[in-house]
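Work through the two exercises below with the sequence and the coordinates at hand, and attempt each task before reading its solution.

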Amino acid sequence: QVSFVESGGGLVQPGGSLRLSCAASGSFNIYIMAWYRQAPGKQREVVATVTRSGGTSYVDSVKGRFAISRDNAKNTMYLQMNSLKPEDTAVYYCNYATRPSSWGQGTQVTVSS
């Protein structure tokens, strides 16, 4: 079973940027992948998805600010986050888009002045 390790989170001021990375322990290149986030007291939600060929989709709240990408050769996925807002504060996870497997520890993103 493939496992995922997220990194790149941190504390950033509103309007700032972060780039998250997701390293998979095995090949994921045939799967649609997703970034998820879970804010305190809220359910985990899908933020963005990317197909094998690079097609992308985003939740409305991050459209125009976030960009998801993948490098199948490196079994790695990214989330470039720009113009960050306090409401983006959450733990961010990566996983399969259609049938999530076991969850990694995630990476904390905190947007605050």
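Two strands count as paired if DSSP finds at least two bridges between them, where strands (E, at least two residues) are DSSP runs numbered from the N terminus. The model is predicted, so that local features need pLDDT of at least 70 and side-chain atom pairs count only at pLDDT 80 or more, while totals for chains, interfaces and linings use all residues. Residues are numbered from 1 along each chain as its sequence is written, and side-chain values use heavy atoms, with hydrogens and water left out.

**Exercise 1.** Establish the strand order of the open sheet of 4 strands, and then describe the pairing around β8.

*Solution.* Step one is the order, which reads β1-β3-β8-β7 with antiparallel pairing. The edges are formed by β1 (4-7) and β7 (66-71), each of which pairs on one side only. Neighbouring strands of this sheet are turned against each other by 15 degrees on average, direction ignored, with axes taken as lines fitted to C-alpha atoms and angles running from 0 to 180 degrees between N-to-C directions.

Step two takes β3 (residues 18-24), which pairs with β8 in the antiparallel sense over 6 bridges; within this pairing, R19 has Q80 of β8 as its bridge partner.

Step three turns to β7, which is joined to β8 (residues 76-81) by 6 bridges, again in the antiparallel sense. Here I68 stands opposite L79, and R70 stands opposite M77. The two strands β7 and β8 form a hairpin with 4 residues between them, and N75 in the turn has a positive phi of about 50 degrees.

Step four concerns burial (under 20% relative accessible area, with exposed over 50% and partly exposed in between, for a 1.4 Å probe and protein chains only). By this criterion β8 is mostly covered, as 5 of its 6 residues are buried.

**Exercise 2.** Decide whether R37 is buried or exposed, and identify the side chains with which the R37 side chain makes polar contacts.

*Solution.* First, locate R37 in strand β4 (residues 33-38). Second, R37 counts as buried because its relative accessibility is 6%.

Third, apply the polar-contact criterion: a pair of N or O atoms within 3.5 Å, where within protein one must be able to donate a hydrogen and the other to accept it, and residues adjacent in sequence count only if both atoms are side-chain atoms. The R37 side chain meets that of E45 at 2.7 Å and that of D88 at 3.0 Å.
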